[in-house]
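Thanks for sharing this one. Here are my notes, point by point, for you to read beside the model.

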Amino acid sequence: MSNPSSTPAESPLAAASGQPYRTAFHFQPPQNWMNDPNGQMWYNGVYHFFYQHNPFGPFFNIRMHWGHSVSHDLINWIHLDSAFTPIDPFDINGCWSGSATILPGNKPIMLYTGIDSENRQVQNLAVPKDLSDPYLKEWVKHAGNPVISLPEGIQHDDFRDPTTTWLQEDGKWRLLVGSQKDKTGIAFLYHSDDLVNWSKHDSPLHQVPGTGIWECPDFFPVWVDSTNGVDTSVINPSNEVKHVLKVGLQDQFKDYYVIGNYSPEKEHYVPEDELTLSSLRLDYGRYYASKSFFDPVKKRRIIMGWVHETDSEADAIAKGWAGVQSFPRSIWLDKNQKQLLQWPIEEIEMLHENKVSFQNKKLEGGSLHEIQGITASQADVKISFKLSNLEEVEELDPSWDDPQLICTESDASKKGKFGPFGILVLASNDLTEQTAIFFRVFQKKGRYVVAMCSDQSQSSTKNGIDKTSYGAFVDIDPQQDEISLRTLIDHSIVESFGGGGKTCITARVYPTLAIGEDARLFAFNYGTESVVISELSAWSLKKARLNKEKP
């Protein structure tokens with residue numbers, strides 16, 4: 001990989017001349033292609049982030065390397081040389097995704113998928129060369145790799161992405177590997193006494209027909225009554241935890257999850273709701289291949305996902321890079337125990353400056369209110385809406401059971417009663433360009449339904465980019481609770497959290513007018529009924545430091 005200089009820190013804006021879409025506080029390598037997050041961990045005071053990386057260009061290449069960066073705060077990063085390169089018979093055709101485990105005695109290991117010399121997907125083991133090196137820059141691959149070979153009856157390219165391992169009371173380690181057979185998605189379960197010799201359990205931990213290959217599985221416990229995270233090896237003390245199984249469906253390019261109960265004695269996992277294409281998703285926008293890890297210092301579970309480009313490969317070549325990671329999120333089980341909540345990690349407050357705020361502002365139907373005093377292309381915005389006269393809410397069309405259809409058919413320009421109301425981000429002076437994040441409220445069979453939308457249809461005057469709009473329902477009763485929205489804006493990525501993190505939608509946008517200082521931010525209400533902004537707080541965000549380690 002070439003050795004570009006550190007990103008300049010003088011300008012408060014990331015968007016330098018010729019790079020309007022480069023982000024300011026989302027993780028990116030200095031250049032070239034990045035996709036799946038891999039092997040995140042905290043070790044001896046340092047956060048480690050590994051990722052799928054093509055160091056030779058801003059496009060996908062099967063012969064992936066593992067990029068590696070480190071941080072003391074998950075905000076400012078130091079880029080290191082590749083941790084793994086595809087040079088051995090067991091990974092000569094690519095070092096694909098994997099996970100870290102911290103063993104007793106504070107020893108990290110890495111398990112990852114290699115594409116071997118016969119193009120088979122196999123699972124490999126690696127350990128740090130020098131545990132006294134705070135950055136763990138060099139890794140040693142196990143001489144006996146692969147430690148898990150392709151199972152009989154599985155296609156050579158359908159067996160990948162080992163999870164973090166977990167330790168049971170019987171002293172055996174477990175892990176999952178994603179797979180499929182005849183379109184049945186599979187999470188194979190493996191046991192080991194020593195992390196080198198693995199045996200496949202008689203039956204998968206879980207499988208679902210018709211879902212296709214399960215990529216980047218993640219399996220972790222969550223407390224039923226706490227926002228704290230749980231170490232992966234904690235099983236179920238006094239029924240105090242449930243287990244989350246997350247899988248990426250390659251055909252959908254989406255991350256789905258189920259919540260259930262795991263019995264280690266029976267090696268049995270029973271989700272409370274079966275996995276379908278209507279199951280809960282971590283993010284209803286541009287977000288895939290997520291990976292979580294337990295942070296033992298702040299006792300939280302943190303998750304990041306790959307946010308891929310929606311412009312062309314030619315655009316990527318012109319930029320010199322492709323791929324961004326979502327901002328790190330804390331993740332925990334909602335108090336109703338039916339879904340996960342996600343929220344930007346608290347360290348984002350290190351970047352806050354120039355706060356603006358107001359309370360109890362009424363937005364009449366058809367009105368627009370500019371939020372001034374912050375850098376609108378690099379911002380953190382929190383807003384809450386209070387509704388009254390809810391007896392006037394319109395009935396939801398029975399055919400609109402898909403919220404993405406609602407958001408596509410009724411974009412931000414379509415007037416309803418309660419909605420659309422929300423914010424316009426990365427808006428140009430004349431509103432020719434705008435990305436609208438908004439809500440609509442309906443009634444259905446005597447209860448309220450809240451749809452959250454991220455409308456990219458007017459996000460750019462540029463042609464040849466994907467301007468799909470995204471939508472999801474938010475589990476909120478507007479009679480009892482205010483409707484809240486938090487949005488992180490970072491030049492070409494917009495991450496939105498509805499209902500306190502119940503619904504997340506991430507978008508990639510490529511404005512040509514609303515760039516840098518020319519971007520504007522508005523609160524709006526295009527419905528016929530008025531709404532009240534009970535509270536708004538917004539901040540400019542300083543630029544994070546993303547440096548290349550000096551040789």
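Is C407 buried or exposed? At 1% relative accessibility, C407 counts as buried, where buried means under 20% relative accessible area, exposed over 50% and partly exposed in between (1.4 Å probe, protein chains only).

Before the details, a word on the ground rules. This is a predicted model, in which local features need pLDDT of at least 70 and side-chain atom pairs count only at pLDDT 80 or more, while totals for chains, interfaces and linings use all residues. Residues are numbered from 1 along each chain as its sequence is written, and side-chain values use heavy atoms, with hydrogens and water left out.

1. The disulfide. A search of the whole structure finds one disulfide, the term standing for a pair of cysteine sulfur atoms within 2.5 Å. The partners are C407 and C453, with their sulfur atoms 2.0 Å apart. The torsion about their S-S bond is about -75 degrees, so the disulfide is left-handed. This pair links distant parts of the chain, with C407 in helix α2 (residues 403-409) and C453 in strand β32 (residues 447-455), 46 residues apart. Helices (H or I, at least four residues) and strands (E, at least two) are DSSP runs, numbered from the N terminus. Like its partner, C453 counts as buried, at 0% relative accessibility.

2. Cysteines without a bond. Why is C95 not bonded to C216? The sulfur of C216 is the closest cysteine sulfur to that of C95, but at 15 Å it is too far for a bond. C95 is buried, with a relative accessible area of 0%. C504 is in no disulfide either, and the nearest cysteine sulfur, that of C407, is 15 Å away. C504 also counts as buried, at 1% relative accessibility.

3. Aromatic pairs. The structure holds 29 aromatic pairs. Rings of Phe, Tyr and Trp (its six-membered ring) pair if their centres lie within 6.5 Å; planes under 30 degrees apart count as stacked, over 60 as edge-to-face and the rest as tilted. In one of the pairs, W33 and F60 have ring centres 6.1 Å apart and planes at 75 degrees, so the pair is edge-to-face. W33 lies in strand β1 (residues 32-43) and F60 in the loop between β2 (46-54) and β3 (65-71), so the pair ties together parts that are 27 residues apart in sequence. W33 counts as buried at 15% relative accessibility, whereas F60 is partly exposed at 47%. Both belong to one aromatic cluster with F253, Y288 and W306.

4. Charges over rings. R281 lies over the face of Y256, at 5.9 Å from the ring centre. The charged end of K319 sits over the ring of W321, 4.8 Å from its centre. The criterion is NZ of Lys or CZ of Arg within 6 Å of the ring centre and within 35 degrees of the ring normal.

5. A polar residue in β1. N35 is found in strand β1 and is buried, with a relative accessible area of 6%. A polar contact of 3.0 Å joins the side chains of N35 and D36; such a contact is a pair of N or O atoms within 3.5 Å, where within protein one must be able to donate a hydrogen and the other to accept it, and residues adjacent in sequence count only if both atoms are side-chain atoms. Leaving aside neighbours within four places in sequence, N35 is in contact (heavy atoms within 4.5 Å) with Q52, M64, W306 and Q325.

6. The nonpolar cores. A nonpolar core is a set of buried Ala, Val, Leu, Ile, Met, Phe, Trp, Tyr and Cys residues joined through side-chain atoms within 4.5 Å. Which residues touch the most other members of the largest nonpolar core? They are L387 and V441, out of 43 residues. A second, separate core of 23 residues includes A24, F49, L74 and I348.

7. Around F421. F421 is found in strand β30 (residues 421-427) and counts as buried at 0% relative accessibility. Beyond four places in sequence, F421 touches ten residues' worth of surroundings that include L387, V441, F385 and F524. F421 and F438 are 17 residues apart in sequence and 5.2 Å apart in space, C-alpha to C-alpha.8. Around I345. The place of I345 is in the loop between β25 (340-344) and β26 (352-363), and I345 is buried, with a relative accessible area of 0%. Not counting residues up to four places away in sequence, I345 touches D73, L74, R300, I302, F327, P328, R329 and S330. I345 and F327 are 18 residues apart in sequence and 8.1 Å apart in space, C-alpha to C-alpha.
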